[in-house]
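Please look through the sequence and the structure shown here, and then follow the paragraphs below, which take one region after another.

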Amino acid sequence: MIETKMKHQRRSFLAGAGASAALVGSAPVRPAIAQAGPYPNKPIRLVVAYPPGNSSDLVARFVAERMMPILGQAVIVDNRGGAGGTIGTEHVARQAPDGYAIGISNAGPLTIAPGLYQNLAYDPVRDFTHVAPLAIGSHLFVVHPSLPVNTIRDLIAYAKTHPGRVLYGSSGNGSTAHLAMALFAQSTGVELTHVPYRGSSAAMNDLLAGRITLASDTLVATTELVRTGRLRALGVTSKERSHFVPDIAPIAEQGVPDYDFYGWIAVMGPAGMPEPAVQKIHEAVTAVTRQPGFESRMGEMGLSPMRHTRAQLREFVQFDVARWRTVISTAGIRIEG
């Protein structure tokens with residue numbers, strides 16, 4: 001269970017507003033670099049720690065295009081995928097902190113990986129400048145129609161009378177889908193059996209075939225399958241109702257009041273970036289998130305704008321790291337590396 005202090009922190013954040021390990025060692029904290037003329041005076045590289053087509057990549061390309069006229073410079077998306085996002089994330093941490101190499105990051109490599117890997121090559125707080133939030137989203141718990149449950153309360157009751165017999169799939173050990181279920185099991189005291197796959201598509205295919213009966217996946221990946229009756233929706237993982245599926249109640253409203261699982265995307269840079277550069281990028285990103293079309297584009301991906309100040313974003317990352325360390329340790333999740 002997440003400590004009470006963390007619960008309160010999470011609430012205040014919202015109100016105010018998925019491989020191998022990386023190399024051993026810690027990314028250096030570099031001193032700020034003096035700027036030659038007003039920032040920016042050359043193109044900016046926006047590193048995405050995933051291959052093209054990933055949701056973080058799609059958000060990055062949308063934002064980069066709209067930042068360019070604001071900053072008066074090209075913003076070039078640089079995909080550096082691999083190792084669940086840790087390769088690209090480490091790359092950002094090791095760049096010169098001059099504001100010309102920044103990155104898009106999310107919970108996987110930044111706040112979940114520290115709990116999974118003992119020898120992670122970067123510290124999620126110390127080795128980064130937390131520049132600007134972008135978007136936040138939730139998952140949906142879905143079951144195969146053969147499982148005789150219609151609500152989260154039904155699932156809890158069934159799992160307690162059939163301990164270990166509910167099989168849930170994920171894209172692998174330590175993935176967000178795995179952790180969403182681990183958190184649920186810890187929050188309710190039920191025993192579920194994890195079946196890891198190589199990718200979420202393989203897990204979803206087996207769910208549709210009835211070889212497993214439960215999964216947690218993104219709203220985009222699940223809602224059409226629910227609409228056509230191939231799967232049954234039980235609950236949204238965030239505490240707030242999603243505008244994407246407003247008629248599906250959050251798990252927190254169905255007898256698990258402290259359950260709150262979410263994914264998020266934000267702009268980060270290496271530690272030690274000059275304040276003028278940080279402020280300029282923060283202002284540009286914030287301006288994009290307030291432009292007509294941003295909310296609707298995020299909505300198409302099952303996301304909502306994330307409204308945090310820079311200080312709140314840093315605190316949010318600290319909270320998320322501590323939270324997932326607790327969940328991962330309690331669940332005994334281990335990844336080699």
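**A walk through the model**

Among the parts that cover the buried residues of helix α8 are β5, α7 (200–209) and β8 (214–218). The model you are looking at is a predicted one, and helix α8 is a convenient place to start reading it. This helix spans residues 219–227, and its buried residues are Leu 219, Thr 222, Thr 223 and Leu 225. It helps to recall that an α-helix has 3.6 residues a turn, so residues three or four places apart point the same way. Just after α8 the chain reaches Gly 229, which takes a positive phi of about 80°.

Two of the strands that cover α8, namely β5 and β8, also belong to an open sheet of 5 strands, whose order is β7-β6-β8-β5-β9 and whose pairing is mixed. The edges of this sheet are β7 (193–196) and β9, and because each of them has a single partner strand, one side of each is left without a neighbour in the sheet. From one strand to the next the twist averages 30°.

As a general background, strands of a sheet pair through backbone hydrogen bonds, either parallel or antiparallel. Strand β8 takes part in both kinds of pairing, since it runs parallel to β6 (residues 167–170), with 2 bridges between them, and antiparallel to β5, with 5 bridges joining the two. On the β6 side, Tyr 168 stands opposite Leu 214 of β8, while Gly 169 stands opposite Ala 215 of β8. On the β5 side, Leu 140 has Asp 217 of β8 as its bridge partner. How much of β8 is covered? Strand β8 is mostly covered, with 4 of its 5 residues buried.

From the sheet we can turn to the interior. In soluble globular proteins, nonpolar side chains tend to be buried together. In this model the largest nonpolar core has 55 residues, and those with the most contacts inside it are Phe 141, Phe 184, Leu 192, Tyr 259 and Trp 264. The elements that give two or more residues to this core include α3 (86–93), β4 (128–137), β5 (139–143), α6 (176–188), β10 (263–270) and α11 (310–331). The largest share, 8 residues, comes from α11. Leu 192 shows what such packing looks like in detail: leaving aside its neighbours within four places in sequence, Leu 192 is in contact with Ala 159, Val 166, Tyr 168, Met 181, Phe 184 and Leu 214. There is also a second, separate core of 35 residues, which includes Ile 44, Ile 104, Val 131 and Met 298.

Aromatic rings deserve a look of their own, and a pair of them is described by the distance of the centres and the angle of the planes. A search of the whole structure finds 9 aromatic pairs. One of these is formed by Phe 261 and Trp 324, which meet edge-to-face at 5.7 Å centre to centre, with 70° between the planes. Phe 261 lies in the loop between β9 (232–236) and β10, whereas Trp 324 lies in helix α11, so the pair ties together parts that are 63 residues apart in sequence. Both partners are buried, Phe 261 at 2% relative accessibility and Trp 324 with a relative accessible area of 1%. Elsewhere, ring pairs link Phe 141, Phe 184 and Tyr 259 into a cluster, and these three residues are among those with the most contacts inside the largest nonpolar core.

Rings can also face a charge. The charged end of Lys 42 sits over the ring of Tyr 100, 4.7 Å from the ring centre, and the charged end of Arg 66 sits over the ring of Phe 62, 3.6 Å from the ring centre.

Two single residues complete the tour. Gly 108 is found in helix α4 and is buried, with a relative accessible area of 12%. The C-alpha atoms of Gly 108 and Ile 265 are separated by 9.9 Å, although these residues are 157 residues apart along the chain. Thr 289 has its place in helix α9 (residues 275–289). Is Thr 289 buried or exposed? Because its relative accessible area is 6%, Thr 289 counts as buried. If its neighbours within four places in sequence are left aside, the residues in contact with Thr 289 are Pro 133, Leu 134, Phe 294 and Arg 307.

Notes
Residues are numbered from 1 along each chain as its sequence is written. Side-chain values use heavy atoms; hydrogens and water are left out. A nonpolar core is a set of buried Ala, Val, Leu, Ile, Met, Phe, Trp, Tyr and Cys residues joined through side-chain atoms within 4.5 Å. Buried means under 20% relative accessible area, exposed over 50%, partly exposed in between (1.4 Å probe, protein chains only). Contact means heavy atoms within 4.5 Å. Rings of Phe, Tyr and Trp (its six-membered ring) pair if their centres lie within 6.5 Å; planes under 30 degrees apart count as stacked, over 60 as edge-to-face and the rest as tilted. A charge sits over a ring if NZ of Lys or CZ of Arg is within 6 Å of the ring centre and within 35 degrees of the ring normal. Two strands pair if DSSP finds at least two bridges between them. Axes are lines fitted to C-alpha atoms, for helices over the stretch in contact, and angles run from 0 to 180 degrees between N-to-C directions.
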